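Colleague: I'm new to reading structures like this one. Could you pick one part, start from a single residue, and walk me through what surrounds it?

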Amino acid sequence: MSNRIYLDYNATTPMSPEVLDFYKDQLSLYANASSLHEDGRRAKKEIEIARKNVADLVNVLPEEIIFTSGGSESNNTVFNTMINLGKKLGKNLIVTTEIEHPCVLEASKRLADFGMEVVYLPVDEYGLVKEDEYKAALEKNPLLVSVMTANNEIGTVQGIKKLAQLAHEKGALFHTDAVQAAGKIPVDLKDWDVDYATFSGHKIYGPKGVGALFVKTGCKIEPLIRGGHQEKGYRAGTYNAPSIAAYGKAAELAKADIEHYTTHTKALREKLKNGLLEKIPNIKINGHPEKVLPNTLDVSFPGAEGEAILLHLDLLGVDVSTGSACASGSLEPSHVLMATGLGPELAHGSIRFSFGKYNTESDVDYILEKVPPVIDKLRKMSTLSM
Ligand SMILES: *Cc1c(COP(=O)(O)O)cnc(C)c1O
């Protein structure tokens, strides 16, 4: 490991040492998990243990979990299912929000090619779905409602149980992208009563390229990838058994660790938030003040560009993210921050600090020492160039 300070856990996490050791062992098991011989059965057994662990983390039945290549595939599978299901049920409306992950936004956009209509709900200044707009959209008889549990940029956590209940009252199916929530806050899908939910391995200290889709018993799902009979025909392709097994191990550890995780990351977040507010004038904390992931702190520094801050911190050995995505050479401000009503200046000047279980208080001390002079310098430069 490098001695850099990693504050980008919402982008991805390292495998924890326990998961990595387990994964290395699993990598030497080469048998096809669909083969009927002993070696095949052994690989399949590991997959079923993983299925139980992933299901336990979010309180569902193991048979309601389908393994996929990750969050993006799980989300695409749900949206793809809606094309034929919509035709069958004579419904063609999908309701989602403006702040979803790009894979939800793109997968839903594609449904327009199949004659479906998609409504992107606005959010309030904290990133919460507005209840009146939500209820108005439900009146239009949607087939599916998709609202993410927790936002990857600003960390805002929606009231999924209530949203799912309102959707069901109007006969709509309900999906949630819970990639950022699992392992960070309690996720009880049985209590929330959602129909579909999306998860990913590499956001919870598991390997990349593996994830899960929860499909409630009785709900329709159509395979996105067709072929063999793996996952009861809902997801073809030779099992990536080592990654699935390691994902299961990560889920097991995440469940056991969740209280400690919450206390630990929340304390670091509070320390950084209070320190920045104390040391740097005129900054804005984005996201909801309470309904927020314990590990996520998104901050706008007006008068300083996010990319410039990121590069300065990079040179100082700190990994963070900006909300902006560099699309075709032009810097687009974060669609999430813009949706919360931030102007382009605040949206461009934002940094996401996302903590994980390996951060320490001294990481925060280092940031609090280094960030204020960087902001001061960048603000002076931007007034000079005006
Ligand atoms: C990371 C992420 C995804 C994508 O998951 P992958 O496994 O990387 O495909 C989807 N949704 C959210 C909210 C995410 O943070």
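**Starting from one loop**

Modeller: Let's start with tyrosine 205, which has a relative accessibility of 8% and therefore counts as buried, since the cut-off for that word is under 20%. Keep in mind as we go that this is a predicted model. Tyrosine 205 belongs to the loop between S7 and S8, and its phi is positive, at about 70°, even though the residue is not a glycine. Why point that out? Most residues other than glycine have a negative phi. There's another residue like this to look at: asparagine 141, also not a glycine, has a positive phi of about 60°. Asparagine 141 is in the loop between H5 and S5. With a relative accessibility of 40%, asparagine 141 counts as partly exposed, whereas tyrosine 205 is buried.

Both loops lead us to strands, so to speak, and now we can look at how those strands are arranged. Seven strands make up an open sheet with mixed pairing, and if you read across, the order is S2-S8-S7-S6-S5-S3-S4. At the edges you find S2 (65–68) and S4 (117–121); each has a single partner strand, so one side of each has no neighbour in the sheet. If you go from strand to neighbouring strand, the average turn between them is 20°, ignoring direction.

Take the S2 edge. S2 runs antiparallel to S8 (residues 211–215), and four bridges join the two. To find one of these bridges on screen, look for threonine 68, whose bridge partner in S8 is glycine 211.

Now add the helices. H3 (residues 71–89) lies across S2, S3 (93–97), S5 (144–146), S6 (173–177), S7 (196–200) and S8, and makes an angle of about 155° with S7. H5 (residues 131–138) packs on the sheet too, touching S3, S4, S5 and S6, with its direction at about 165° to that of S4.

What does the sheet look like from the point of view of one residue? Try threonine 176, which is located in strand S6. Its relative accessible area is 0%, so threonine 176 is buried. Leaving out neighbours within four places in sequence, threonine 176 is in contact with Val147, Met148, Thr149, Ile160, Val194, Tyr196, Ala197 and Thr198. There's a polar contact to look for as well: the side chain of threonine 176 reaches the backbone oxygen of valine 147, at 2.6 Å.

From here, move over to the ligand. There are 13 residues around the ligand, and the ones that come nearest are Ser72, Asp177, Gln180, Ser200 and Lys203. Two side chains are worth zooming in on. In serine 72, a side-chain N or O atom is 2.7 Å from an oxygen atom of the ligand. In glutamine 180, a side-chain N or O atom is likewise 2.7 Å from a ligand oxygen. The backbone joins in at glycine 71, where an N or O atom lies 2.9 Å from an oxygen atom of the ligand. On its own the ligand has 380 Å² of accessible area, and the protein covers 88% of that.

Before you close the viewer, have a look at another sheet. Four strands form an open sheet with antiparallel pairing, in the order S9-S10-S15-S12. Here S9 (284–286) and S12 (321–322) are the edges, and because each has a single partner strand, one side of each is left without a neighbour in the sheet. Between S10 (residues 296–300) and S15 (residues 350–354) there are five bridges, in the antiparallel sense. One pair to find there is serine 300 with its bridge partner in S15, serine 350. H8 packs on this sheet, touching S9, S10 and S15, and its direction is at about 15° to that of S10.

Lysine 273 is a good residue to click on here, as its place is in helix H8 (residues 241–279). Buried or exposed? Lysine 273 has 18% relative accessibility, so it counts as buried. Not counting residues up to four places away in sequence, lysine 273 touches Ile285 and Leu297.

Methods. Residues are numbered from 1 along each chain as its sequence is written. This is a predicted model: local features need pLDDT of at least 70, side-chain atom pairs count only at pLDDT 80 or more; totals for chains, interfaces and linings use all residues. Side-chain values use heavy atoms; hydrogens and water are left out. Two strands pair if DSSP finds at least two bridges between them. Axes are lines fitted to C-alpha atoms, for helices over the stretch in contact, and angles run from 0 to 180 degrees between N-to-C directions. Contact means heavy atoms within 4.5 Å. A residue is near a molecule or strand if one of its heavy atoms lies within 4 Å of it. A polar contact is a pair of N or O atoms within 3.5 Å; within protein, one must be able to donate a hydrogen and the other to accept it, and residues adjacent in sequence count only if both atoms are side-chain atoms. Accessible areas come from the Shrake-Rupley method with a 1.4 Å probe; for residues, only the protein chains shown count as cover. Buried means under 20% relative accessible area, exposed over 50%, partly exposed in between (1.4 Å probe, protein chains only).
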